[in-house]
Amino acid sequence: MIISRFQKLLLVFVFVIGLARTESLLGLTENIEIDSFSGGADGDDTGKCPVCFNCNLADFECKQFSTCNKFTGRCECVSGFGGDDCSQPLCGGLGDGINRPGRGDDQKSCACEDGWDGINCNVCTEDSVCDSFLPGDLKGTCYQQGIIVKNFHQMCDVTNKKIVAILDGKKPQVTFNCNKTSEACNFQFWIAEKESFYCELSKCAFDYSLGKNSTHYQCEEVSCKCLPDRMLCGEAGSIDISDFLTETIRGPGEFTCDVAKRQCKFSEPSMNDLITNVFGDPYITLECNSGECIHSSEIPGFVTPDKPRFSWRQLATIAGAIVGCGVVIGLAAFGVSKSPLFATTGISLSESDDDADADASLLANERPATFSFEKVCYSINGKEILKDAFGVVKSGECLAIMGGSGAGKTTLLDILAGKNKGGEKSSCLYINGEKLTTKEDLYHFKKNIGFVDQEDYLIPTLTVYETVLNSALLRLPRRMSFKTKHAKVIQILAELRILHVKDKLIGSDFERGISGGEKRRVAIACELVTSPSILFLDEPTSGLDAFNAHNVVESLVRLARDFKSTIIFTIHQPRSNIVSLFDKLLLLSEGNLVYSGEMLKCNEFFSSNGYKCPPGYNIADYLIDITSEEKSPSSEFSESSAVDFGFEEATVHTDIHTLPVVTQDEVDDPTSEWEHYAVHRDEFNNSIGLARNRNSKVTSTISTKQGKINTIFQKSSLAEEVLNQIRDLQTAYEQNSREASVESGSFFKVDPGHVKAGFFTQLLILCSRTFKNSYRNPRLLMGHYILSIIMGLFCSYLYYDIKNDISGFQNRLGLFFFLLTMFGFSCLTGLHSFSIERIVFIRERSNNYYNPLSYYISKILCDVIPLRLFPPVILLAIIYPLVGLDMQEHKFFKCVGILVLFNLATAVEILIIGILVKEPGAATMIGVLVLLFSLLFAGLFINKETIPIQIDWIQSLSVFHYGYEALSVNEANGLTLKEKKYGLDIAVPGAVILSTFGFDVGAVNFDMWWLGGLLGAFLVVGYIGLHYFVYETR
């Protein structure tokens, strides 16, 4: 229906009169509520229930042009409104969603939550309230400039002066909301925060000019409606413009704002006519506050900032890190250079050095010891290896333990030296007649003896002098001056005739050094520095030629006689000129004692019992022959073979090459038989397999003889003499003990003046030794440093100037994963390093060189740290400026700390494997498996949210997980990456993508603490393993 101009003027007149009378009428008019379903005070006369609200029925309508749900009959209200018909303003805040409380009828206004404003609390005022509108962990921004992005809300005050004046204090306001996606807007007109009418605007176009700082929103269609019984809409004493709004307002409508001044205007042709004719204003003028929750990257005009370039200050920071590493290395080298191991004269170990002993005989044995033993037995799994051995060796004498292979020589030597054995042993050991009984006695006994292994386990990068000096510095009394220790080392080298090679390196299989005989004498020298009361040596001539073997034994005999030391050693088959040097001999055969006594009486004893060594024949070879079952004539030897070699009947023995017939009466006199056998031993042995079916008289004779030789000595007077010597020594000790205090005469008493180097001195010496080993064999150390430089340059070339986009994010994660993998698997070199040192550590520990803790700490300080601390710093110093990683907020130093902690923790973890697993191949396999499992749970191959709870604990022990998460979060958290996500072309923070990978974006410090905790735990476990599992068991 078209309204004429006259009707419009009439309506305007009524509108003006209504506004003028509203104030007075409102005070006199009583608002009467009528219950449309009530028939009176007595209730409904019809007895029918009231009809429920259903917007599908004609009697019910959804206000604010809200949508009616045809299935439920309920209204789906626009933002800020609720109630059955959407006419009730909502309070709280827009972020509360459907849980917002409605404004009660007795409330004149809403109390909005913090961060929200407006009549119905739709306008945000703080960024923090917008976080809930964004997906994931995105942070929201309250955009208040009035330019629509997606769905904005405005709260406007009407500023037309005449309208404000006519209302006489009742504030006219407008709430305005637009949705860019649906191209629609709606606004509500309020008087004194009570809604009068509302409008819907559709087919809208939203334009804005950032240059002019203005907005222009135009909607083709406009529809308005009144709320019944509200001011201007039929309220008592007020006019009703319902028909005007419904019939006349059609659009188009425009909403224009000056964003900077917050001054807006709303115009619609019919409404403009009304305003002009009544108030003289061309349109409604407004002052608006706007608010829309968006992401910061969606702000109109927002441009993703370019990645900042490296500044000179940042480059100087990286250079400073390199210089700092150099300073640390320099200071460490300077400190180690002050170690006595680097000194040549005049440097003391401690302030308690005393030079009073400088003129004393440096090699004199201060505690001479006569060593005796009896009832020495040993068995493994019930099999007897050693049976009732006994003997005596006095101070200044050498006891040689001989026997064929497997006779039990080394086993006996180990038991006498108090070594740990894997089987069951029993023995009675006496020093100067005093029996060794307690563990404390054994401890003091080991401190006063020396033991030289059959193999020479020496550090190949030290010189002869440094090797022996190392032993002296660690084991000699701390009160002894360095000058005296130095002089003692020189004297020992001179006594052993190796002074001329003192400056030569020991050498190894790959680096030429000193000869085998010289190495053996160096090993002996390392034990002689303490002037041991008893020196045990396991086959000191093994692997040496005859000349060097003689030199070694001659040196031992000379030291024993000149300095009153007791020397006990095993020897397999010495030359005759070596045998002549022995003072005492102990002969074994298959664990049985064949002889124990003076060497000079040995030949006479065996000759008197029918075992005469042939003239010109080596007595040692002869004794081995008669005690070795394997080299005795075979029981399968035939008569024909015997005849061929002279075992034929004869009545007269005229030639050593012709053996007489042996009768049963002559069994006790097999001398001629063994003379013949010794001369033709090689020929005889080659003919063993000629016949296997017939037995001869010779076979029976030799078998009888072989069983007899093992019991000859046990029944002899010499054996009784040795046992009597042992008892006499015990009696003498007991008598001396009664005459004086037991403590003063005891060999096992503590010597307060013989306190070796303290813990920190040991640590300093071991660190200096490791440092020398590193710079003389720098291949491993320099290999790690060069690898860091090469890989740093390669990665910089591959990832050069990485971008702040999704591909750049992927490249960052790939780079960090590669770095962790490279450094993690490079730690496997520690397995080889420790496997080489393991046997040296075991030997030195068993010989009381140092406390295992001092060795362990020196290993960490001078081996693990140089290999694992500086390479990450070098690599990151190259990568950071070339790849373009983030340097803000000290991220470079955090990255260095993370990678160093990871590298150290992994290195110690691998070291634990090397400590617990002896076999290098098995240790390598286990180390690789441990690293692979740790790598699997790093966070790249599997999201931690999907890990089964039964094996979730593996991730808690994964150093790769903590290292990878910390590196990734440290770099990506704070970066803004361009991505189309959640339907938006926005720049997404890197933290959002990190969270999709299952990373905790706030876990950098947590992960670093965990890496530090794992490092500490691994260090403790490593030492426990070294202390309790790496020791000598023979």
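1. The loop between α3 (242–248) and β13 (253–258) is a good place to begin, for P252 is found there. In this predicted model, a cis peptide bond joins G251 and P252, with omega at about 0°. The bond deserves a second look because most peptide bonds are trans.

2. A second backbone detail concerns D388, which lies in strand β17 (residues 383–393). D388 has a positive phi of about 50° although it is not a glycine. This is worth noting because most residues other than glycine have a negative phi.

3. Before turning to the helices, please consider how confident the predictor is. The protein averages a pLDDT of 82, and 83% of the residues score at least 70. Two stretches need particular care: over residues 346–360 the pLDDT stays under 50, and the model has 25 contacts beyond four places in sequence for them; over residues 630–671 the pLDDT also stays under 50, and here the model has 74 such contacts. Where pLDDT is low, the predicted coordinates should not be read in detail.

4. How do helix α8 (residues 464–475) and helix α21 (residues 759–776) cross? Their axes come within 10 Å and cross at roughly 165°. Angles over 145 degrees count as roughly antiparallel, and α8 and α21 are therefore roughly antiparallel to each other. Their crossing is left-handed. On the α8 side the contact involves E466, N470, L473 and L474, which meet Q762, I765, L766, R769, K772 and R776 in α21. The residues of this contact of α8 with α21 divide into four nonpolar, two polar and four charged.

5. The UniProt entry, which is unreviewed, carries the annotation "transmembrane region" for several spans, among them residues 780–800, 812–836 and 856–883. What does the model show over residues 780–800? The span is 90% helix and 0% strand, and its end C-alpha atoms lie 29 Å apart. Over residues 856–883 the chain is 96% helix and 0% strand, with the end C-alpha atoms 38 Å apart.

6. Helix α22 (residues 779–798) and helix α23 (residues 806–826) pack at an angle of about 165°, and their axes are 12 Å apart. By the cut-off given in point 4, α22 and α23 are therefore roughly antiparallel to each other. The crossing in which α22 passes α23 is right-handed. From α22 the contact is made by H784, S788, M791 and C795, and from α23 by L815, F818, M822, F823 and S826. Sorted by character, the residues of the contact of α22 with α23 divide into six nonpolar, three polar and no charged.

7. The last pair to examine is helix α25 (residues 852–868) with helix α32 (residues 1004–1029), whose axes come within 10 Å and cross at roughly 135°. That angle makes α25 oblique to α32, and the crossing of the two helices is right-handed. Here P852, L853, Y855, Y856 and I860 in α25 meet F1018, L1019, G1022, Y1023, L1026 and H1027 in α32. Which kinds of residue make up the contact of α25 with α32? They divide into nine nonpolar, two polar and no charged.

Key
Residues numbered from 1 in each chain as written. Predicted model: local features only at pLDDT ≥ 70, side-chain atom pairs only at ≥ 80, totals over all residues. Heavy atoms only, no water. pLDDT = per-residue confidence, 0-100. Contact = heavy atoms within 4.5 Å. Axes fitted to C-alpha atoms, helices over the stretch in contact; angles between N-to-C directions. Helix = DSSP H or I, 4+ residues; strand = E, 2+ residues; numbered from the N terminus. Parallel < 35°, antiparallel > 145°, perpendicular 65-115°, else oblique. Left-handed = near helix turned anticlockwise from the far one by under 90°. Nonpolar A, V, L, I, M, F, W, Y, C, P; charged D, E, K, R; others polar. UniProt positions renumbered as here; feature names shortened; annotations may be inferred.
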